[in-house]
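Take a look at the structure below. This report covers domains, one residue and an interface.

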Amino acid sequence: MTSGKRSVAQMKPGEVAVIAELEDDFISLKLMEMGCIPGATVRFNFSAPLGDPICISISGYELALRLEEASSIAILN
Amino acid sequence: MQAQRQLKIALVGNPNSGKSSLFNMLTGLNQKTGNFPGVTVEKHTGISRLPDQTQAQFIDLPGIYSLYPRSLDEQIVSEILLHHRSPDCPDVVVVTVDATNLKRSLLLVTQIIDLGLPMVLALNMMDLVAKSGISYNLISLSEMLGVPVVPINARTGTGIDQLKTVLSQSIAPPTREIFTLFDEAKHGVKELRETLGTDNDYEAYQFLQQPASLSFLSSDERSFIDQLKEKHKFFPGKFHGAETVQRYGFIQSLLDEVTLKPRPETHQGISTRFDKIITHRIWGYVLFFAILFLVFQSIFAWATVPMDFIDGLFASLSNYLTDTLPEGPLTRMLAQGVIPGLGGIAIFIPQIAILFAFISILEESGYMARAVFLMDKIMRKFGLNGKSVVPLISGVACAIPAIMATRTIDNWKERTITILVTPLMSCSARLPVFTILIALIVPDKMVWHFFNLQGLALMGMYLLGFAAALISAYIIKFLIKVNERSFLIMELPTYRWPKWSNVGYMIVDKTKAFVFEAGKIILAIAVILWVLASYGPGDHIERAEEYVLEEASREALAEHELEDRIAAYKLEHSYAGILGKSIEPVIRPLGYDWKIGIALVTSFAAREVFVGTMATIYSIGSEEDQTTIKSRMRAEINPDTGGPRYTPAVGFSLLVFYTFAMQCMSTIAVVYRETKGWKWPLIQLVYMTILAYVSALLVFQVLS
């Protein structure tokens with residue numbers, strides 16, 4: 001296990017973090033266009049009742065994504 | 001009329017930016033819906049007059065988040081904005097922006113500025129921004145971006161006149177270049193510009209970045225670009241991420257400059273509070289199914305009143321024409337073929353209007369995105385999308401509007417699967433077939449003093465259809481191969497009151513699309529089926545009366561009995577009758593005879609025709625009510641066994657056949673319309689027919 005590297009998928013409701021990098025090339029371009037760029041503040045709002053997808057706040061709006069996509073967004077902690 | 005200068009104005013913006021409201025505001029009912037050539041993407045255009053009397057043609061382009069397309073819809077926008085030498089290239093681009101969401105929206109704005117097309121930035125929802133205590137310095141925003149900025153409210157119409165005034169003045173193309181090319185990209189861009197002569201660097205850069213999604217490039221241009229890419233080591237997506245980061249950097253400093261009061265970073269807005277309930281683990285689903293039930297109930301129940309009215313209207317029109325026009329083949333064709341065919345199109349309008357009223361309200365209010373959020377995980381397992389739930393449930397009322405509703409699904413594969421399986425949901429047209437067959441073979445008994453056995457059987461048919469839809473989706477998921485990876489990155493827009501005029505425009509738009517596009521095919525098939533059922537080889541049809549009279553000379557028949565006998569005789573000897581007889585060997589293993597065969601052929605027009613055909617063929621056409629047909633069918637003897645024709649085995653076999661078979665020409669027509677081709681409707685017809693045949697065969701063989 002790499003030294004405690006976390007992704008948005010592991011955040012808890014209400015937690016705020018800063019995006020470190022995007023690890024999935026295909027998805028990252030789309031995520032960046034939607035405002036998920038390294039250095040941006042991300043807040044984990046809540047997850048869907050079945051645990052997936054999740055809702056985050058980014059660039060001042062709410063974005064829904066699946067855990068698969070969320071796990072490609074590494075955060076600083 | 002002399003050729004007038006017509007300004008072509010493209011409306012571009014993020015989804016949910018209020019672009020469609022603005023389009024409706026600008027053009028009113030002067031709208032046309034077509035398709036972009038060669039693709040299924042809808043093209044909305046509308047005409048409006050600007051203050052200086054210039055005519056402007058507005059084109060409402062699909063909502064996008066960036067110039068790099070992810071779907072066919074988005075690709076259209078990139079192509080239109082990048083093909084500067086096309087006659088369709090807009091003279092002015094109006095970029096609509098949700099001002100409450102300025103940061104993300106500006107990404108697209110900066111990309112379009114770099115394309116160098118004359119543009120106007122329309123800042124929508126400025127009232128909401130003001131309410132949240134923020135203010136933007138619009139003058140410096142306009143200066144820093146180098147484009148005119150107009151604050152508007154697309155819901156109330158505030159600022160629309162000002163926007164029109166700005167549009168009527170000549171707008172200079174923006175000269176600012178926001179994105180600075182990376183050094184590694186400069187040589188390639190320079191070389192491309194020298195050879196192909198693009199207007200500016202960013203356009204050339206886009207050609208190099210994504211030639212595959214620009215279908216207007218000629219093969220020469222394409223191979224030249226490929227060489228350049230090779231030479232300068234361009235590969236798709238190489239600079240894309242870095243470009244986005246650079247743009248957001250610019251946007252952040254721009255916002256720091258123009259924001260007069262910084263936005264408080266809270267996430268406790270009204271939407272968040274709503275979401276606590278709407279996406280709650282219990283209340284979320286309760287509400288979701290309550291809404292679905294309301295939609296289902298209203299298509300099922302409320303639509304019947306106007307549908308009965310339309311039915312009656314066309315029936316009396318048909319009678320009127322028969323009575324007034326001179327008797328002849330043309331009159332018969334008109335009164336019995338064309339008019340009922342037109343009626344068969346119009347009958348769907350109430351259901352389509354009601355379903356799309358709901359869909360429009362759900363989308364406008366922001367609920368649809370939450371429905372996807374709630375259902376995504378479950379539906380994904382079956383190769384479907386959270387949004388597939390609405391078409392599937394609406395399919396229980398009628399597959400026609402349901403399939404049209406799949407437009408809201410962005411992912412091509414998930415949308416196609418939804419279209420393919422929706423007709424397996426038991427629609428209301430199957431109900432008359434189900435009730436008559438169930439009444440025939442299932443005893444009217446109570447189980448455990450509470451459940452009616454017939455009711456249980458009916459529910460079982462609905463569940464069977466639903467299970468078949470999910471299982472088929474699961475199987476088709478593995479059969480359709482695409483390189484498109486399934487992902488969900490979706491904005492959850494803030495909750496808003498729906499704008500009722502937008503709901504109205506949506507209803508008009510969808511109804512028109514159905515009537516004029518699917519309607520043509522429905523009418524054609526209806527007329528063909530009518531010809532098949534009313535004409536036949538030889539003189540059997542013309543001389544039906546003589547033949548029947550001869551046959552029945554020893555029986556004393558009342559006049560209406562004789563008429564019924566003649567109708568049955570005619571149907572038996574028509575092309576449809578011959579077809580029914582000729583497929584008898586094929587359907588015999590299912591337990592059917594040629595009479596059922598004829599019903600299968602004619603009910604291809606619509607499933608409920610089965611009942612009417614049964615009535616005609618058993619010579620009880622003039623007293624077409626369920627009890628008579630039922631007792632007549634019950635009395636029918638199978639000559640091979642000497643027992644009743646409609647044994648439980650045959651009955652269940654027929655029930656299963658009607659549950660699975662694609663016995664509906666209107667569905668085929670609408671699938672053709674939605675997929676723009678015959679490939680998918682034919683695949684669907686074949687797989688559903690095979691499924692129906694094999695299942696009915698199994699049921700009959702096991703039960704008998």
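## What buried area is

Buried area is the accessible area, taken with a 1.4 Å probe, that two parts lose on being put together, summed over both. The model discussed here is predicted.

## Two domains of chain B

The domain assignment splits chain B into domain 1 (6-168), domain 2 (183-238), domain 3 (283-503) and domain 4 (506-645). Domain 1 of chain B and domain 4 of chain B have centres 56 Å apart, taken over C-alpha atoms. Their contact takes five residues from domain 1 of chain B and four residues from domain 4 of chain B.

Together, domain 1 of chain B and domain 4 of chain B bury about 300 Å². Of that area, 26% is on carbon and sulfur atoms. Between these two domains there are zero salt bridges. The count of residue pairs in polar contact, both at pLDDT 80 or more, is also zero. On the side of domain 1 of chain B that touches domain 4 of chain B, β2 (31-35) and β3 (42-49) of chain B each give two or more residues. β2(B) gives the most, with three residues. By class, this side has no nonpolar, four polar and one charged residues.

## A residue inside chain A

Is A:I73 buried or exposed? A:I73 is buried, because its relative accessible area is 0% and the cut-off for buried is under 20%. A:I73 lies in strand β6 (residues 73-76) of chain A.

Leaving aside residues up to four places away in sequence, A:I73 touches several others, including A:R6, A:V8, A:I19, A:L31 and A:L65. A:F44 is 29 residues from A:I73 along the chain, and their C-alpha atoms are separated by 12 Å.

## Where chain B meets chain A

How many residues does each chain bring to the contact? Chain B gives 39 residues and chain A gives 33 residues. The two chains bury about 3500 Å² between them, 61% of it on carbon and sulfur atoms. B:F373, B:R485 and B:I489 supply 21% of the area that chain B buries against chain A, more than any other three residues.

The interface of chain B and chain A has two salt bridges. B:D376 forms a salt bridge with A:R66, and the closest N and O atoms are 2.8 Å apart. Eleven residue pairs, both at pLDDT 80 or more, are in polar contact between the chains. On the side of chain B that touches chain A, the largest share, six residues, comes from α16(B). By class, that side has 14 nonpolar, twelve polar and 13 charged residues.

Technical notes: Residues numbered from 1 in each chain as written. Chains lettered and ligands numbered in written order. Predicted model: local features only at pLDDT ≥ 70, side-chain atom pairs only at ≥ 80, totals over all residues. Heavy atoms only, no water. Domains from an automatic or database assignment. Contact = heavy atoms within 4.5 Å. Salt bridge = Lys/Arg side-chain N within 4 Å of Asp/Glu carboxyl O. Polar contact = N/O pair within 3.5 Å; in protein donor to acceptor, adjacent residues only side chain to side chain. Helix = DSSP H or I, 4+ residues; strand = E, 2+ residues; numbered from the N terminus. Nonpolar A, V, L, I, M, F, W, Y, C, P; charged D, E, K, R; others polar. Buried < 20%, exposed > 50% of the residue type's maximum accessible area, 1.4 Å probe, protein only.
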